Amino acid sequence: MRSAIYPGSFDPVTLGHWDLIQRAAKLVDRLVVAVLHNPAKSPAFSVDERVAMLKELTAAMPHVEVTTFHGLLVDFAKAQNAQFIIRGVRAFSDFEYEFQMALMNRKLAPELETVFLMPKEKYSAVSSRFVREIGSMGGNLADLVPELLRERIVARLGKAE
Ligand code: PNS
């Protein structure tokens with residue numbers, strides 16, 4: 001069985017993430033969307049909220065699971081019997097960090113392959129950071145986050161300011 005992990009912070013999930021999930025889901029038998037549990041950061045959405053939103057979004061995709069992880073990604077991937085790590089690259093600016101992370105993960109676990117996918121061009125500037133910033137200033141999130149979750153995201157980010 002081909003299994004892949006799609007790891008990230010997803011704070012909150014964007015249309016770029018959603019595009020990637022749909023692309024990755026076509027490539028494997030089992031896709032695990034894994035939300036990093038990072039106690040050092042103070043997120044806009046709790047890990048449980050992020051997992052709940054991703055689960056709602058992927059509810060019609062039986063081979064997509066959503067969970068959390070902490071510690072090293074490669075250890076989590078191995079525990080999940082995954083062969084692939086999925087990462088999105090939107091622009092050249094993503095490339096250096098992603099390249100270094102992929103090489104370091106390969107050093108730690110040579111059997112795991114990182115697979116880079118490109119979201120649709122129109123999402124190349126979409127990031128969770130911009131969503132948080134725009135949302136907190138009352139900007140329009142219509143083309144940035146999934147419709148299903150928009151109200152919730154707008155309500156939270158609007159209060160965050
Ligand atoms: O969505 P993000 O915040 O860009 O995702 C980054 C993530 C979660 C993939 C990365 O920070 C990660 O894998 N963290 C787990 C710790 C780890 O394995 N670090 C070594 C990376 S070489």
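This passage describes the sheet of a predicted model and the surroundings of its ligand. Local features need pLDDT of at least 70 and side-chain atom pairs count only at pLDDT 80 or more, while totals for chains, interfaces and linings use all residues. Residues are numbered from 1 along each chain as its sequence is written, and side-chain values use heavy atoms, with hydrogens and water left out.

A good place to start is the open sheet, whose 5 strands follow the order E3-E2-E1-E4-E5 with parallel pairing. Here, helices (H or I, at least four residues) and strands (E, at least two) are DSSP runs numbered from the N terminus, and two strands pair if DSSP finds at least two bridges between them. Strands E3 (64–69) and E5 (113–117) form the edges; each has a single partner strand, so one side of each is left without a neighbour in the sheet. The twist averages 30° from one strand to the next; axes are lines fitted to C-alpha atoms, for helices over the stretch in contact, and angles run from 0 to 180 degrees between N-to-C directions.

Strand E4 (residues 84–88) runs parallel to E5, joined by 5 bridges, and glycine 88 stands opposite leucine 117 of E5. Helix H4 (residues 92–108) packs on the sheet and touches both E4 and E5 (contact means heavy atoms within 4.5 Å), its direction making about 170° with that of E4.

Turning to the ligand, the residues around it (a heavy atom within 4 Å) include Ser9, Phe69, Leu73, Arg87 and Asn105. An oxygen atom of the ligand lies 2.6 Å from a side-chain N or O atom of serine 9.

Note on methods: Polar contact = N/O pair within 3.5 Å; in protein donor to acceptor, adjacent residues only side chain to side chain.
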